[in-house]
Amino acid sequence: MLVGKFANVVIDISHEKVDRLFGYIIPETLRDKLEVGDLVEVPFGKYNAKKEAYVIEITDTSDYPEDKMKEIIDIVPNAVSVEKDAILLAYYIKDTYGSTMIQALKTVLPAKKIVKPRQNKKIVRKLGRDEIQSLYGECIRKKQSAKARVLKELVNETIIPYDIVVSKLNVSPQTLMSLTRDGALTVEIEEVYRNPVTNTNDEDNKLILSDEQQDIVDTISSTFDEDDPSKGKFLIHGITGSGKTEVYIRLIEEAIKRNKQCIMLIPEISLSYQTLMRFYKRFKDRVSVINSSLSQGEKYDQCQRALNGDIDVIIGPRSALFTPFKNLGLVIIDEEHDGSYISESTPKYHTNEVALKLCEIKGASIVLGSATPSVDTYFRAKSGEYRLFNMTKRLTGGELPRVSIVDLKEELKEGNKSIFSRALIEKIDEKLKKKEQIMLFLNRRGYAGFISCRACGNVIKCPHCDVSLSRHYGGKLICHYCGYETKDVNTCPTCGSKYISSFKAGTEQIEEALKKTFKDIKVLRMDADTTKTKDSYEKILSAFKNNEADVLVGTQMIVKGHDFPNVTLVGVIAADLSLNEADFRTGERTFQLLTQAVGRAGRGEKEGEAIIQTYRPDHYSIIHASNQDYLGFYNEEISYRMLMDYPPCGKLLHVLIQSKDERRALGLATALMKRKTEGVRVIGPAIDSISKINDFYRYNLYVKAGNEDRIIEYRKVMEDFLKTAPLKSEIVTFDFQ
Ligand code: ADP
Ligand code: ZN
Ligand code: ZN
């Protein structure tokens with residue numbers, strides 16, 4: 001421990017003007033107690049208001065005259081302190097993404113306060129295998145589907161985790177109580193955390209790795225002993241079902257053998273019960289799963305277990321990256337292209353980048369995995385930064401679905417104005433008759449203000465930026481990158497058709513249209529409206545899995561995770577929706593979504609089919625997605641990025657300027673634009689596609705440069721300018737694209 005006289009602290013106030021270190025004297029009583037990372041209480045400002053602050057440095061000397069310095073009051077009781085490595089990481093986040101140090105520290109701090117941990121519950125089987133089996137049969141007959149779900153899992157396991165059953169199998173505590181009364185199980189509580197999985201003889205049924213898998217495991221795990229972290233960066237590009245998860249599990253085992261710990265990141269909602277159980281069975285009480293709905297007490301509990309060395313593996317969404325392991329050896333990011341890895345609030349950090357930094361600090365290896373890697377990651381893999389592995393075969397057999405593309409322009413020509421093409425109607429009918437299930441996917445994300453022609457497929461775009469123009473009040477079409485404006489149109493400028501408009505259909509309309517077209521059809525709908533409550537997501541999925549509906553209609557939420565063996569048809573209502581967002585990444589996002597959506601069909605025994613409806617059947621994202629051809633897509637996409645100087649070929653920073661006063665927003669944006677430094681190009685200011693939210697007017701600047709350092713330099717100039725500018729309601733946020 002460092003015994004010093006002075007401490008430099010960051011005050012817990014998120015304001016640019018106090019975003020620096022403040023020096024305090026450490027009182028005698030704290031000198032041998034205080035450590036870097038501790039949360040303390042200090043007098044602050046003219047009136048010595050008590051504020052909390054994190055200790056960043058402890059020193060013997062101070063530049064400031066000692067008689068003018070104040071003393072630290074005390075260490076805050078029951079607070080969680082920041083690890084030293086986490087402070088380094090916070091500096092990196094602050095510098096790269098732009099935030100105050102206190103915001104960055106709070107980002108890397110996994111739990112804020114010490115709270116009494118909750119009890120751990122498990123479900124223990126009380127009947128023999130055969131009795132459970134027959135009870136299961138009885139529940140099926142009586143259509144008690146929730147009970148049946150639990151019993152099915154208890155046939156082969158004698159203990160299962162309570163939380164996972166309740167959340168992932170969507171079983172209510174009442175159902176478990178009823179099963180307790182039936183004598184089938186008991187719910188037991190433990191004070192000490194013990195992971196609740198029985199030791200089935202899984203040593204015996206461990207899979208034998210394929211040569212491809214074995215090679216990947218050997219190569220990657222050989223870097224666990226290296227001191228040079230630059231050797232341990234990998235990308236696994238493998239189609240769904242090619243055995244990536246099995247590779248992750250083996251890699252984690254290898255790391256644990258070397259007394260190292262692992263963090264495995266997953267997109268928010270994608271882990272199924274079955275996959276979770278695979279991890280539990282392998283790592284028993286050494287693994288812990290966290291999710292975003294965890295309480296402070298639970299988060300604190302997880303941190304302590306990691307710090308104490310009680311667990312070796314943590315699985316969770318992006319915030320799990322900040323789990324404080326002592327000897328971190330491996331970070332895995334599954335579905336690395338997923339949008340949930342970019343933080344929505346300041347600092348808007350990119351998990352992949354921060355993970356790289358963390359691995360560099362800790363000397364750990366990093367493995368990214370995806371069936372559709374992000375263009376940025378793949379580009380970096382091709383340039384040698386990540387070592388690339390390809391997994392091309394499905395291990396459990398099963399063919400990729402047959403995909404056909406339907407041209408919606410042709411439908412209109414033939415007089416079909418409905419949202420379903422004739423081919424889709426025919427297929428839905430066929431599947432309904434066979435009692436097979438259908439998923440209909442509307443790739444709509446929030447706002448879609450673009451204008452397209454239903455007769456020729458033309459989309460009105462900015463002549464300078466190659467992104468779609470958005471319709472605004474007052475009869476204007478606006479590019480929200482550069483501010484280009486043009487008059488709104490009534491007829492298509494290309495073909496003269498009057499069928500030119502923004503796309504209006506939502507999931508509700510699709511549901512209605514289905515009910516009108518097919519008698520007695522049972523439809524489940526999943527979108528932002530139907531998933532507002534905590535477990536509605538799992539509820540809808542498990543109802544669908546139980547064959548309680550014929551069709552699941554939904555937005556991007558339905559393309560992730562969970563296998564539905566009885567789904568043999570996937571229909572994409574209008575692939576153009578995501579293609580025409582006003583953003584340079586639309587081609588990439590569309591490819592990823594379509595590939596995932598199409599891959600939902602035919603996961604079981606029966607062959608799957610998919611129909612993609614679109615006005616642009618010749619678009620490369622759509623064609624390559626229908627062929628499940630990643631490389632074909634990547635090559636076309638990267639040449640577009642190269643041409644337009646978009647990332648990863650160039651770097652792009654989005655600056656959002658908001659104010660309650662529209663003139664002030666535009667004025668500040670213009671002032672910032674004028675501060676531009678050498679080597680950057682600033683585009684804008686332009687009004688955002690959503691011009692006002694919560695009474696705040698929104699303006700954009702886009703900063704382009706060949707390398708990131710140039711942009712960071714300019715961002716610092718902007719930040720310095722903001723510190724002295726007379727701001728009122730203005731808010732400026734930075735966001736790397
Ligand atoms: P991915 O994560 O790429 O979708 P998984 O690891 O989940 O793939 O594997 C897909 C399926 O193949 C799983 O059911 C898994 O149990 C099985 N599997 C994985 N590796 C092997 C193997 N070496 N031999 C046999 N089956 C395997
Ligand atoms: Zn037209
Ligand atoms: Zn433009």
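Helix α8, which spans residues 244-257, supplies the largest share of the shell around ligand 1, namely three residues, in what is a predicted model. In total, 16 residues surround ligand 1, and the closest of them are Ile208, Gln213, Gly241, Lys244 and Thr245. By residue class, the shell around ligand 1 consists of five nonpolar, eight polar and three charged residues.

The polar contacts of ligand 1 include the three listed below, each of which involves an oxygen atom of the ligand.

| Residue | Part of the residue | Distance to an oxygen atom of ligand 1 |
|---|---|---|
| Gly243 | backbone N or O atom | 3.0 Å |
| Thr245 | side-chain N or O atom | 2.5 Å |
| Glu246 | polar backbone atom | 3.0 Å |

Thr245 therefore appears in two roles, since a side-chain N or O atom of Thr245 lies 2.5 Å from a ligand oxygen, within the 3.5 Å cut-off for a polar contact, and Thr245 is also listed among the closest residues of the shell. Taken alone, ligand 1 exposes 550 Å², and the protein buries 74% of that area.

A separate feature is the packing of two helices that lie far apart in the numbering, α1 (residues 84-98) and α22 (residues 708-724), whose axes come within 8 Å and cross at roughly 85°. Because angles of 65 to 115 degrees count as roughly perpendicular, α1 is roughly perpendicular to α22. On the α1 side the residues that meet the partner helix are Lys94, Asp95, Thr96, Tyr97 and Gly98, while α22 brings Glu708, Ile712, Arg715, Lys716 and Glu719. The residues of this contact divide into two nonpolar, two polar and six charged.

Several loops carry backbone features that deserve attention when the model is inspected. Thr346 and Pro347 are joined by a cis peptide bond with omega of about -5°, and Pro347 sits in the loop that runs between β13 (328-334) and α11 (351-362). A cis bond is also found from Pro647 to Pro648, where omega is near 5°, and Pro648 has its place in the loop between α20 (630-644) and β27 (651-659). Lys435, although a residue other than glycine, has a positive phi near 60°, and Lys435 belongs to the loop between α14 (422-433) and β17 (437-441).

The last site is Lys560, in the loop between β24 (551-554) and β25 (567-572). Which residues is Lys560 in contact with, once its neighbours within four places in sequence are left aside? The partners are Pro267, Asp338, Tyr537 and Arg600. Lys560 and Ser272 are separated by 288 residues in sequence, yet their C-alpha atoms are 9.8 Å apart in space.

Methods
Residues numbered from 1 in each chain as written. Chains lettered and ligands numbered in written order. Predicted model: local features only at pLDDT ≥ 70, side-chain atom pairs only at ≥ 80, totals over all residues. Heavy atoms only, no water. Near = heavy atom within 4 Å. Polar contact = N/O pair within 3.5 Å; in protein donor to acceptor, adjacent residues only side chain to side chain. Areas by Shrake-Rupley, 256 points an atom, 1.4 Å probe, with all protein chains shown as cover. Helix = DSSP H or I, 4+ residues; strand = E, 2+ residues; numbered from the N terminus. Nonpolar A, V, L, I, M, F, W, Y, C, P; charged D, E, K, R; others polar. Axes fitted to C-alpha atoms, helices over the stretch in contact; angles between N-to-C directions. Parallel < 35°, antiparallel > 145°, perpendicular 65-115°, else oblique. Contact = heavy atoms within 4.5 Å.
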